[in-house]
Amino acid sequence: MTEPVRLERTSGLAVIVIDNPPVNALGAAVRQRLAKAMAEAVADDTVTAIVLTADGRTFPAGADIAEFGQPVVAPSLPDLCNQIEASPKPVLAALHGTVLGGGLELAMAAHFRVAHEAAQLGLPEITLGLIPGAGGTQRTPRLIGVEAALELMLSGLPISAQEAHELGLVDGVAGDDLRDIVIMLAKETPSVNPASKKRQHMMDGTEYMAQIALWRAELGDELAPNKIVDCVEAALLLPFEGGMDLEREAFAECLASPVSAGLRHAFFAERRVAKFPELKDSHARPVDHIGILGGRVAGAALACACLDAGFPVTVLERGQAGTTQALERIGRHYQREAAAGRVSQQKGAEALDRLTLTDDPAKMGSADFVLDCMPEDTARKTQMLRNLDAVLKPGAIYAANTPDQDVEALAHVAGRPADTLIFHMTGPGAKLAEIGVLRHTAPDVVVTAHALARALRKVPVRCAAEPDLVANTLLHAYREACDRLLLRGALPNQVDGALRKFGMVIGPYEMLDHTGLHIAHMRRKSRSTPKALMLLDRMAEAGWLGRKSGQGYYVYDFEGGAGMLNPKMVQLLEAERQQRRVELEAISDADICTEVVLALIAAGAGLVERGVVQRPSDIDAVMIHGLGYPRARGGPMHEGDQMGTFDVARRIDKLAEKDPKGWRVAPVLRKLAAERHRFSDLNAV
Ligand code: 3H9
């Protein structure tokens, strides 16, 4: 293994190079060697100045997040930063890539900073429920003033090198000769100029405190933002060392909070979910042209996503009417996007230039990746695939948009079992791309689908191709859990309210009214499993569509207006309870949230058990990106680990005593509970 830090000596300079791929995170080994290299450079009489730089794609992108929660190995990052700043010899930093968090704090401890013109600089700790904890809250306001410092820390968003220069966060911007430029500047031995001693942004204490008050007034009760403002206030009120002490305590408090644990879990879960075993040994096939079968709602949405990613797209529809409607649908999308300012007229026009509409299957001959979004009419689909088999070029991939049909059988009809899989985009804004792998799918086909998902800016999720894949299985479990609560005494507005307070983006019944009861009803009809409650089916059969028809769980007096609980729905619910002789219970908001989380854990454990997902944390990534689960909670499997798997199994067993059809402990959960293990112990794959 190469050393993560090396010290090079060149014409009176010490050049300290960090080399810890992939992002040069400042883990213990890097910190120890950096401290040693600094000490050697300072002790070496031949060295007049020190240059801090990094190999690879970036200057450190932060502290090593994986180390958080473990005992800190000396030197801590704040101590290392203080050591750098205290150097009697000037330290210059050459910054490139994503200079984030602890990486930027390391840079601020240097006496002079030059950034590559494409560098991004930021303090994103807040996105992990943390605060900058290596002097960032103290040095940033000293360097760029209170307002810009708070903006940087509270937004968590990076800024460009140019903006950083204008603010005074860096002293210069350079091109690809960044390191040479910094070495040249170091030879001119600039002065030792510690940020901690700078006062020019703190001369007007009244204005500084007015800014603090302004920002504080905007804060809610989340821990990290409040601690950031407290620490930045302390930068004015306390000596530098006092501010650092406060920052250390505040960082530790944030680190110990459940919100930070949840956000850090989400950070790794989101990255882990995209790791497919096929990526190790296979390469993506080239995809230069996408074909889409069917230009209705799903086909048009996929076409737009592919056009936006720069692909030429051919959409196949039936006859003149079909192609015209598809073109209008896609055109309307770009008009809406342009009107909302999300895309320029020109970009929209360029996207449409890449689009071809046809009713001639032969035109699919140039497609490398064919996405099937045709309605689920098996006879028609089979005929179409037979026609396509003769047309598609060798190696072209056939991807069914949904698992609703027997895709294995369709793969054979299409004459390409190894080239077939499921590619299902889902979630609000369709952030997820579920990649359903069939028995015969070739590994490079899986890798190609992964690359396509990435190109479309979706989170790729690998799953075994079982009906419903992952997101819909979890959605079903979620809705069933809520329906069981309605049956026993809760009302939809209570369930929605409790789950919104819990952090869900939207309540389940509000969501059903929004997406349309008929759609959920159709899906339910295709399921053979028993349903907790038939209320939704009764409403859909009566022609209630939710918002669209003005009534569902709620009644709406105008499109987009807030709904009141629908009294006729309550009557239907009460009738069903009576018919089933249910004994009503008092159900609290806490009961609602706990039962919903337990139901999701139970369903998630089932998916792990059946090998549908690769690991439990995939469930969390899907819940966050597909179903609006609060990211700060980390996902249901993470919450299960916080409760303890033993406790989770015990609670599910208790619920199963009353309702054995609704609740079941999957063997994998039973085993984890018995061995006192956690779901996260299965995340290593
Ligand atoms: C901090 O600094 C606290 C301090 O203030 C105080 C301390 C006392 N640590 O995202 P990617 C891994 S808090 C460990 O796929 P990209 C990541 O897991 C930190 N690992 O690439 C992945 O691993 P793998 C403040 C990290 O090009 C690989 O690197 N900093 C870290 O799409 C590639 O990552 C942040 O919050 C890390 N800090 O995006 C920045 N960062 O290959 C967090 C990345 O095994 N990082 N990894 O799956 C990012 O935002 C993005 O990773 C970055 C690159 C923009 C850098």
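## Helix α25 and the glycine after it

Right after helix α25, Gly 628 adopts a positive phi of about 70°. This is a predicted model, so read that angle, and everything below, as computed from the prediction.

The helix that leads up to this glycine covers residues 616-627. With 12 residues, α25 spans 16 Å from its first C-alpha to its last, close to the 16 Å expected at 1.5 Å a residue. How many of the residues of α25 are buried? The count is 12 of the 12, so the helix is largely enclosed by the rest of the structure. The run goes from Pro 616 and Ser 617 through residues including Met 623 and His 625 to Gly 626 and Leu 627.

What covers those buried residues? The cover includes the helices α11 (258-272), α18, α24 (589-609) and α26 (636-643). Strands β16 (432-437) and β17 (459-464) are also among the elements that cover α25.

## Thr 473 in helix α18

Helix α18, one of the elements covering α25, takes in residues 471-488 and holds Thr 473. Is Thr 473 buried or exposed? The cut-off for buried is under 20% relative accessible area, and Thr 473 has 13%, so it is buried.

Leaving aside residues up to four places away in sequence, Thr 473 touches Glu 466, Pro 467 and Asp 468. Leu 607 and Arg 610 are also in contact with Thr 473.

## Strand β14 and its two partners

Next up is strand β14, residues 397-400, which is covered on both faces. Ile 397 and Ala 399 are buried on one side, and Tyr 398 and Ala 400 are buried on the other. That fits a general pattern: in a regular strand the side chains alternate between the two faces of the sheet.

On one hand, β14 pairs with strand β13 (residues 369-372) in the parallel sense, over four bridges. Within that pairing, Val 370 has Tyr 398 of β14 as its bridge partner. To get from β13 to β14 the chain passes through helix α15 (residues 378-391), and the β-α-β crossover is right-handed.

On the other hand, β14 also runs parallel to strand β15 (residues 420-426), with three bridges joining the two. Here Ala 400 stands opposite Ile 422. Helix α16 (residues 407-413) joins β14 and β15 in a β-α-β unit that is right-handed.

## Domains, and two residues to look at

The chain is split into domain 1 (5-255), domain 2 (287-468) and domain 3 (490-581). Between the C-alpha centres of domain 1 and domain 2 there are 46 Å.

Helix α22 (residues 535-541) is the place to find Asp 537. Asp 537 counts as buried, at 4% relative accessibility. Which side chain does the side chain of Asp 537 make a polar contact with? The partner is the side chain of His 521, at 3.0 Å. Not counting residues up to four places away in sequence, Asp 537 touches His 521 and Arg 524.

Arg 500 sits in helix α19 (residues 492-502). At 38% relative accessibility, Arg 500 counts as partly exposed. Setting aside residues up to four places away in sequence, Arg 500 touches Val 505, Ile 506, Gly 507 and Glu 510. How far apart in space are Arg 500 and Thr 314? They are 41 Å apart, C-alpha to C-alpha, with their positions 186 residues apart in sequence.

Methods: Residues numbered from 1 in each chain as written. Predicted model: local features only at pLDDT ≥ 70, side-chain atom pairs only at ≥ 80, totals over all residues. Heavy atoms only, no water. Buried < 20%, exposed > 50% of the residue type's maximum accessible area, 1.4 Å probe, protein only. Pairing = 2+ DSSP bridges. Right-handed = clockwise from strand over helix to strand, strands pointing away. Contact = heavy atoms within 4.5 Å. Expected span 1.5 Å × (residues − 1). Domains from an automatic or database assignment. Polar contact = N/O pair within 3.5 Å; in protein donor to acceptor, adjacent residues only side chain to side chain.
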